[in-house]
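Biologist: I am new to this one, so could you walk me through the labels and how each is earned?

Modeller: Gladly; have a look first, and then ask away.

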Amino acid sequence: MRLRAEVSNLKAQFAGRFSVVHETLEGYSWSAEYEALGLRASIAGLIEAGYVEARLCLPAMAGMLTDVVQRQIGVRLAACLA
């Protein structure tokens, strides 16, 4: 499955930079909570026929990065549709 492969690629790319607090990958839905530098971030992704949704929630300290990172996640998930 492409989503599972893409999540694995993302985790490998950023290995050692974060720890997994919680992660669920079922079918076309992905949700997770990660911790890095003492901050937690939650991520949710959904892929449906021709539709991709990516949501990212970061602490206020990292808020300025939310839009950039969320767009990048969306792009990576959209690639799973190709």
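**Labels and the values behind them**

Modeller: The accessible surface of the protein is about 5400 Å², with 57% of that belonging to carbon and sulfur atoms. Such areas come from the Shrake-Rupley method with a 1.4 Å probe, and for residues only the protein chains shown count as cover. This is a predicted model, where local features need pLDDT of at least 70 and side-chain atom pairs count only at pLDDT 80 or more, while totals for chains, interfaces and linings use all residues. Residues are numbered from 1 along each chain as its sequence is written, and side-chain values use heavy atoms, leaving out hydrogens and water.

Biologist: What pattern does the protein follow along the sequence?

Modeller: The pattern reads α-β-β-β-β-α, from 2 helices and 4 strands. Helices (H or I, at least four residues) and strands (E, at least two) are DSSP runs, numbered from the N terminus.

Biologist: Why is Tyr34 called buried?

Modeller: Buried means under 20% relative accessible area, exposed over 50%, and partly exposed in between (1.4 Å probe, protein chains only). Tyr34 has 8% relative accessibility, so the label is buried. Phe18, at 24%, counts as partly exposed. Of the 82 residues in the protein, 26% count as buried.

Biologist: What makes Phe18 and Tyr34 an edge-to-face pair?

Modeller: Rings of Phe, Tyr and Trp (its six-membered ring) pair if their centres lie within 6.5 Å; planes under 30 degrees apart count as stacked, over 60 as edge-to-face and the rest as tilted. For Phe18 and Tyr34 the centres are 4.8 Å apart and the planes meet at 75°, so the pair is edge-to-face. The structure holds 1 aromatic pair. Phe18 sits in the loop between α1 (2-13) and β1 (19-26), and Tyr34 in strand β2 (residues 29-36), so the pair ties together parts 16 residues apart in sequence.

Biologist: How do you know that Glu33 and Arg40 form a salt bridge?

Modeller: A salt bridge needs a side-chain nitrogen of Lys or Arg within 4 Å of a carboxyl oxygen of Asp or Glu. The closest N and O atoms of Glu33 and Arg40 are 3.4 Å apart, so the pair qualifies. Arg40 also meets Glu35 in a salt bridge, at 3.0 Å from N to O. Shared partners join Glu33, Glu35 and Arg40 into one network. The count by this rule is 2 salt bridges.

Biologist: Why is Arg40 called partly exposed?

Modeller: Its relative accessibility is 43%, so Arg40 counts as partly exposed. Glu33, at 26%, is partly exposed, and Glu35, at 27%, is partly exposed too.
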